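I opened the notebook to log two things for this chain: its charged pairs and its nonpolar packing. The entries follow in the order I looked them up.

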Amino acid sequence: MLKTATLARVSFFADLAKEELEGLSACFQRRHYAKGQVIFAQGDPGQSLYIVETGRVAAIASTADGRELVLNRFGPGECFGELALLDGEPRSANAVAQEACSLFLLRRDDFLRFLAEHPSVAIHLLALVSRKLRHTTQQALDVAFLDVPGRLARALLDLARAQGGENVDRRSQAIRVTQSELAEMIGATRESTNRWLSYYASQGLIDCQRGIVTILSPDGLRKRIY
């Protein structure tokens, strides 16, 4: 069973009252996935939300000719698939376990029954969905108008915010991401991504180690975006 304290730390549910959290946490079920396993596929019916307990999950959009774009990555305490709770429409991307994962699943039917008993929760969720749509719009604008170094700088700052909270202005912040993952996220080749990572490192903006990028100058990266 999902603990109420754990659910309270998930941004999608963080503002709910204690009684609401207690009622909703009882609806979650634990599921386990192996590395590389597809949790749901693009086009599948949208019937559930997931919270990551352990491991990492990638949301990947694919085209008919096999091209892929990593839309987002999720680690412990983060949720994905939340739009399915509200509209029940087909999934817009694949969700794939990047590591062995333990996830908590909330079915749409259970959630709708919960909303019927707690209608005020819907207002909070509308605000969260609006933020998600703004993020998606920003991604589209980045692909259309930013060059590779600009997209890379944006992706690093977004990952820092996702993994470290809203305060990304600290002097240094380490984020877990590989060069291949970054290349997928920004729609660039691995070679181009590596070249710009090396350039940012030479300028003292970041430090790169195996699987870890440490942001040394958030302001310096922001200047590459605008």
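**Entry 1, helix α9.** I began with D219. Its relative accessibility is 51%, so D219 counts as exposed, the cut-off being over 50%. I keep in mind that this is a predicted model. The side chain of D219 meets that of R222 in a salt bridge, 2.7 Å from N to O. I then checked R222: at 21% relative accessibility it counts as partly exposed. Both residues sit in helix α9, three residues apart, about one turn of the helix.

**Entry 2, the network.** Next I looked for salt bridges that share partners. They join R56, R73, E99, R176, E181 and E184 into one network. My search of the whole structure returned eight salt bridges.

**Entry 3, E181 and R56.** I picked one pair from that network. E181 and R56 form a salt bridge, with the closest N and O atoms 3.2 Å apart. The pair links distant parts of the chain. I find E181 in helix α7 and R56 in the loop between β3 (48-54) and β4, 125 residues apart. Are these two buried or exposed? I noted both E181 and R56 as buried.

**Entry 4, helix α4.** I moved on to R113. R113 forms a salt bridge with D110, and the closest N and O atoms are 2.4 Å apart. Both lie in helix α4 (residues 108-117), three residues apart, about one turn of the helix. D110 has 18% relative accessibility, so I list D110 as buried, the cut-off being under 20%.

**Entry 5, the largest core.** I turned to nonpolar packing. The largest nonpolar core has 27 residues. Which of its members touch the most others? I found L156, L182, I206 and L221. I then asked which elements supply at least two residues each. They include the helices α6 (148-164), α7 (179-186), α8 (190-202) and α9 (218-225). The strands β4 (57-62) and β11 (212-215) also do so. Helix α6 gives the most to this core, with eight residues.

**Entry 6, around L221.** I listed the contacts of L221, leaving out residues up to four places away in sequence. L221 touches A153, L156, L157, Y200, L205, I206 and I215.

**Entry 7, another core.** Apart from the largest core lies another, of 21 residues. I noted F13, L106, F111 and F114 among them.

Conventions: Residues numbered from 1 in each chain as written. Predicted model: local features only at pLDDT ≥ 70, side-chain atom pairs only at ≥ 80, totals over all residues. Heavy atoms only, no water. Core = buried A, V, L, I, M, F, W, Y, C linked by side-chain atoms within 4.5 Å. Buried < 20%, exposed > 50% of the residue type's maximum accessible area, 1.4 Å probe, protein only. Contact = heavy atoms within 4.5 Å.
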